[in-house]
Amino acid sequence: MNKTLLIIICDFLLISILALVEFKPTVEVDAVDEEALRDQAAEEMLELLQLSLEHESAQRQEVESSLDDTREQLTKTNENLQETSETLEEVNTALKEKEQETTALSTELAQTRGSLELTLEEKANLAKSLQEKEARSRQLQEELQAQQALALEKNQALETAKSKLTELEGQQRQLSTQLQIRETEKEMLEQNLIAAQAEVERARIEAERAQKQTENLAVGVSELAASSSALQEEFRQAQPLSLNAIFKKFEDNRVFLRFQWEERAFLGSSTRQVALQSILVQTPQGTHALFATVNTPFAGGRQGISTEAILSIGNRSFAIRQLGFLEADQGIAAVRVPDSITDSAGLAIFSLSTDPFRFSEAVLVSDDQELYGEIPVRVPPGESGTLEVESKLFNRLFGEFTPNPGDYVFSMTGELIGVMVGNNRARLLQDPEFTNFINLQAPQN
């Protein structure tokens, strides 16, 4: 057979074999272009045929020289060619089948790609699920270790409980023995109890008799004590104090009031000030510092003047924001003093006399001078709520010291009777009630 023809046949068979081979992609396979593959095979075939023709022309002369031999071989070649033609037809048929298979393979490859993408997503989900399962596994392992530790502790506690149970059983046996002893003792005690109850009943009857006697005695003692206290109080109130004792109490417990206001006149205005002595008095409305309004900006019932007021108790001073007037006499005013201030001040608070007519004399203390004395007093006929001071006799006894409005009148036992509102009249303060409250201006710093 001719070598050139044999090479052509071999090349053609090799291409056919390569076309029949099925390559399965591992991860990703590109789509097979069947038409391009056929065109490429035809071009390669043409190139091979062209090369073969060129080579055949070169050897034509050699072929002509060996024509005789070639004729014989030609006959055989024709036969082989016919066989090759048949084989080529079979190859073409197989190629068409491979083309169909390639088309199916392309479809399958597209499906495989979709499946592959789906598989990658499933793989990611699977990896995430695997991580969650691993975390859950670690958590379960930790819980298992904790449960094991807890079980170990419970086992130890169980062993301890068993030992305690054994110990309690022994104690129970001892208690059972002691209980039998106690029951025997109980029977003996019950017998003794019956006898003791009879003794207690007898003692109770005697105690009730003694209790009745004690109650009767206590009632008598209480009545005697109450009578004794009343007698002591009545005796104390009946005993007059010395003038010095009354004035000393006033001097040690007095407070000071200072008022400042603007006095208007025809040619202008001037600032005026006044300072008064006062005492703390207990009234039904609380603790008050009493004073007469004479020589103050409130004299004669004036209340519309802008006034600053300060209350001095010891070394402490307080701004007065409000004051009220005696309902029965506007010539007497009072400043309410809180209990917190009086408690911290430590001053004695004067009480009001409940019987201002017990004595025919009273003690008069000046509100602006260190003067005091004993004066006769009497009830003025046809007047209520006042007390008359006999100023003439007082002048004869004490010289220049005469009663003035604002002076304080005390009973001979030290209680406050009233405040002077005239030269010979004192306003009684038995149940004082303060009304017509006014607000004062805050002091300027």
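What share of the contacts in the chain with a separation of 6 or more comes from residues 24 or more positions apart? The share is 67%, where contact means heavy atoms within 4.5 Å.

The legends below describe a predicted model, in which local features need pLDDT of at least 70 and side-chain atom pairs count only at pLDDT 80 or more, while totals for chains, interfaces and linings use all residues. Residues are numbered from 1 along each chain as its sequence is written, and side-chain values use heavy atoms, with hydrogens and water left out.

**View 1. The whole chain, with its seven helices and 14 strands.** Helices (H or I, at least four residues) and strands (E, at least two) are DSSP runs, numbered from the N terminus. Of the 445 residues in the chain, 24% are buried. Buried stands for under 20% relative accessible area, exposed for over 50%, and partly exposed for values in between, with a 1.4 Å probe and protein chains only. The chain exposes about 30600 Å², of which carbon and sulfur atoms supply 53%. Accessible areas come from the Shrake-Rupley method with a 1.4 Å probe, and for residues only the protein chains shown count as cover.

**View 2. The open sheet of eight strands.** The strand order is β5-β4-β1-β2-β3-β7-β6-β14, and the pairing is antiparallel. Two strands count as paired if DSSP finds at least two bridges between them. Strands β5 (316-319) and β14 (434-439) are the edges, each pairing on one side only. From one strand to the next, the twist averages 30 degrees; axes are lines fitted to C-alpha atoms, for helices over the stretch in contact, and angles run from 0 to 180 degrees between N-to-C directions. Strands of a sheet pair through backbone hydrogen bonds, either parallel or antiparallel.

**View 3. The edge pair of β4 and β5.** Strand β4 (residues 307-313) runs antiparallel to β5, and four bridges join the two. I313 stands opposite R316 of β5.

**View 4. Strand β3 between β2 and β7.** Strand β3 covers residues 286-292, and seven of its seven residues are buried. Towards strand β2 (residues 269-283), β3 has four bridges in an antiparallel arrangement. T283 stands opposite G286 in β3. The two strands β2 and β3 form a hairpin, with two residues between them. With strand β7 (residues 329-336), β3 shares five bridges, and this pair also runs antiparallel. One of the facing pairs is F291 with its bridge partner A333 in β7.

**View 5. The salt bridge of R358 and D355.** A salt bridge is a side-chain nitrogen of Lys or Arg within 4 Å of a carboxyl oxygen of Asp or Glu, and by this rule the count comes to six. In this view, the closest N and O atoms of R358 and D355 are 3.9 Å apart. R358 is partly exposed, with a relative accessible area of 38%. D355 is also partly exposed, at 36% relative accessibility.

**View 6. R425 with its two acidic partners, E383 and E388.** The side chains of R425 and E383 form a salt bridge with an N to O distance of 3.1 Å. R425 belongs to strand β13 (residues 425-428) and E383 to the loop between β9 (372-378) and β10 (386-389), so this pair ties together parts that are 42 residues apart in sequence. R425 counts as partly exposed at 22% relative accessibility, and E383 is partly exposed at 35%. A salt bridge also links R425 and E388, at 3.9 Å from N to O. Because E388 lies in strand β10 and R425 in strand β13, their pair connects parts that are 37 residues apart in sequence. E388 is buried, with a relative accessible area of 13%. Salt bridges that share partners join R378, E383, E388 and R425 into one network.

**View 7. The surroundings of R427 in strand β13.** R427 is buried, at 15% relative accessible area. The side chain of R427 reaches the backbone oxygen of G385 at 3.2 Å. This meets the cut-off for a polar contact, a pair of N or O atoms within 3.5 Å; within protein, one must be able to donate a hydrogen and the other to accept it, and residues adjacent in sequence count only if both atoms are side-chain atoms. Not counting residues up to four places away in sequence, R427 touches several residues, including L326, A328, D329, I332, S384, G385 and T386. Also among them are I417, G418, V419 and V421.
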